[in-house]
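Trainee: Could you take me through one part of this model closely, and then follow its surroundings outwards? I would like each term explained where it comes up.

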Amino acid sequence: MIYLQNLHKQFGSKIVLKNVNFHLRPGERVGLVGENGTGKTTLFRLIMNTESSDSGKIVFRKGAQAATLEQELNAYNGSVLERVISGNHSLQVIRQKMDDLEKKMYSKPTSEAATSHYGKLQHQFEQLNGYELEPRACAILSGLGFSDDEFKKPLNEFSGGWRMRVEMARLLLQNPDILLLDEPTNHFDLKSVEWLEGFLKNYDGSLLLISHDRRFLNNLVTRIVELDRGVLTLYSGDYNDFERLKKEREAQLLSESVNQQKRISEIERFIERFRAKNTKATQVQSRIKMLNKMERIETMTDTKTVGFRFPQPVRTGRISMELEKIDKSYGDNIVYKNFSIRIERGWKVALVGENGAGKSTLMKLLAGIIPHDGGQIQPGHNVTRSYYAQHQADTLDPKKTVLESIDELSHNLLRTQIRTILGSFLFSGDDVNKKVSVLSGGERSRLSLARMLASPSSLLLLDEPTNHLDMRSCEVLSAALADYEGTLCIISHDRHFLDGFINRVWEVKQGSVSEYIGNYSEYENSKTQEREIELSSPTISTRKPSFSPHQQSHDRKRIEAENRNIKHQTLKPLRSNLKKIEARLEKVLSEKTTIENKLANSSIYESKNKVQLLKTLNQQMKLTNEEKSLTEEWDKLSSQIEEYESSSTPKN
């Protein structure tokens with residue numbers, strides 16, 4: 001669908017793309033990854049021709065249309081539905097011509113030619129599925145969280161995040177041959193993310209996707225292309241495969257680089273030793289030319305994070321926050337009525353639920369951001385609160401530098417510790433001396449998170465904290481929150497991120513909360529089990545009443561325990577075999593590296609070492625075959641384990 005041919009782009013001295021070549025095949029789903037600032041978004045702009053390359057070219061398959069989600073929101077006076085439908089320009093032109101003809105036909109006698117022309121337009125409209133356009137648009141809007149009564153509302157009544165969802169619906173309705181999506185889930189809740197994932201799985205065109213959401217990538221892509229220092233490197237498989245293959249490639253490159261450096265050192269010593277001897281002049285010049293022509297092996301960018309423990313909050317009482325008989329309404333919309341709940345020290349809670357269920361309202365009540373209409377909200381002993389939402393970044397002092405913004409809060413930290421925290425959130429070198437006023441929206445969000453973790457409160461309340469973070473920063477934040485000893489309440493659409501640290505899920509629905517112990521994956525399994533029980537017992541109502549998080553369903557616990565036991569008995573031998581294979585595979589790879597190092601030494605190819613060479617090549621072949629066999633067995637066992645772990649009902 002798209003060919004990138006020797007594409008080169010640089011800004012000043014910084015090379016963003018270094019004569020790259022890449023082919024996006026028909027129907028293929030590819031994840032584009034790389035640290036912030038490497039040029040992923042620039043590549044999208046080049047493909048969409050909103051920015052020009054310095055050299056090289058981009059070739060589209062004849063007739064192929066590409067589309068991307070526009071980040072700039074333009075003013076629009078129509079309704080939500082009208083905006084979504086307006087994305088299909090050709091159909092809009094035909095529809096307008098039909099409307100104009102209809103007006104003429106109703107106002108005066110119609111000629112046979114006009115009637116014939118109208119019939120042709122109608123046939124074209126039907127051929128292009130024009131009559132299905134509005135139902136499809138409504139289905140997409142519903143999937144992205146809009147209610148039926150919101151379809152006809154003026155678009156300008158909605159917030160930026162919801163307007164971005166409208167732009168996504170408009171893009172999906174166009175159904176282009178190639179979709180370029182740059183962090184498409186940033187403005188979505190969990191349910192909408194899952195819907196979008198399902199939609200894209202059934203999308204027939206080619207997809208190039210930038211996302212920090214590991215699970216979203218794993219469920220969609222079949223190849224990963226990494227942009228690092230201007231070079232595109234391709235890996236087969238999903239993001240997990242990419243991480244594994246990248247480590248293997250990194251080890252191989254490091255070994256090759258070490259061997260090359262040894263060879264270079266040997267040549268340089270020869271040159272220095274015989275440079276002044278006329279009898280060796282030809283050999284010296286030959287080696288100088290050899291050095292000049294030698295292409296240096298570049299190892300990969302080191303993205304390992306610094307082993308640093310973020311500061312911890314002061315210890316509090318057992319209860320962090322308690323809400324008693326809370327009432328909260330917005331006009332006629334009653335969100336909570338006589339609602340009671342409490343959160344205890346050490347709980348790390350994810351709030352989930354449909355749009356409008358009351359997640360953000362509950363978060364803001366816990367944070368003290370909005371008033372309640374009735375009841376009592378009581379913080380626990382020694383509890384302090386910190387609230388993060390994207391607009392919180394606007395409260396930063398624009399006159400201060402990045403370093404000063406952290407320094408004013410973290411009085412007990414050394415300057416090196418502060419720089420480590422900032423480095424974890426991608427502020428390094430001279431970046432720390434930038435004024436807040438010149439930072440982008442994403443940079444301000446990262447700075448707000450860094451400030452929060454540099455001097456943490458005992459109760460952290462986070463609303464979509466990962467939206468402007470890359471994969472590395474998400475991992476840093478996840479590790480920091482896993483290590484955090486206080487209490488946490490979070491809203492996030494990133495399922496893999498949540499799995500890293502939460503220990504319970506609160507499902508908000510119809511003014512009540514249902515609690516599920518465990519991480520997000522365990523919550524999903526529990527929901528699947530509930531649906532299976534409901535389907536197997538259609539005459540029994542399984543709707544759960546509003547209840548305090550301290551009340552648990554005895555039947556659900558029993559079923560979960562039985563299934564966990566069956567699953568454990570099934571998985572135990574599989575995991576044991578996998579462990580043995582991994583140990584052997586590690587040994588084989590180590591032996592193979594040793595053999596390859598021997599083969600990289602030119603002395604082995606001398607005639608006197610012929611026997612040793614043949615023996616070494618034979619060993620290499622045996623190890624390669626064993627590696628292939630072990631890898632296939634590893635893949636098979638891993639798939640079996642993954643299938644059992646993800647299934648709600650273990651297979652016999």
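**Helix α13 and its surroundings**

Mentor: In helix α13, which spans residues 415-424, the buried residues are I418, I421, L422 and S424; here buried means under 20% relative accessible area, exposed means over 50% and partly exposed lies in between, with a 1.4 Å probe and protein chains only. Seen down the axis of α13, these buried residues fall within an arc of 160°, so they line one face of the helix, the arc being that of the directions from the helix axis to the C-beta atoms. An α-helix has 3.6 residues a turn, so residues three or four places apart point the same way.

Before going further, please keep in mind that this is a predicted model, in which local features need pLDDT of at least 70 and side-chain atom pairs count only at pLDDT 80 or more, whereas totals for chains, interfaces and linings use all residues. Residues are numbered from 1 along each chain as its sequence is written, and side-chain values use heavy atoms, with hydrogens and water left out. Helices (H or I, at least four residues) and strands (E, at least two) are DSSP runs numbered from the N terminus.

The buried residues of α13 pack against α12 (402-407), α14 (441-454) and α15 (471-483), where contact means heavy atoms within 4.5 Å. Just after α13, L426 takes a positive phi of about 70°.

Of these partners, α14 contains S445, which counts as buried at 4% relative accessibility. Leaving out residues up to four places away in sequence, S445 touches Y388, Q390, A393 and H468. In the loop between α14 and β15 (459-463) sits S457, which is also buried, with a relative accessible area of 10%. Apart from neighbours within four places in sequence, S457 is in contact with P313, T384, R385, S386 and Y484. The C-alpha atoms of S457 and L488 are separated by 9.8 Å, although these two residues are 31 residues apart along the chain.

Turning to α15, we come to charged pairs, for which a salt bridge is a side-chain nitrogen of Lys or Arg within 4 Å of a carboxyl oxygen of Asp or Glu; by this rule the count comes to 30 salt bridges. In one of them, the side chains of E35 and R472 meet at 3.5 Å, N to O. E35 lies in the loop between β3 (29-33) and α1 (40-47) and R472 in helix α15, so the pair ties together parts that are 437 residues apart in sequence. E35 is partly exposed at 23% relative accessibility, and R472 is partly exposed as well, with a relative accessible area of 22%.

Another salt bridge joins D431 and K434, whose closest N and O atoms are 3.8 Å apart. Both residues count as partly exposed, D431 at 25% relative accessibility and K434 at 31%. In addition, a network of salt bridges links D397, K400, E408 and R451.

For a pair elsewhere in the chain, D327 forms a salt bridge with K337, with the closest N and O atoms 4.0 Å apart. D327 lies in strand β10 (residues 319-330) and K337 in strand β11 (residues 333-344), so this pair ties together parts that are 10 residues apart in sequence. K337 counts as exposed, at 59% relative accessibility.
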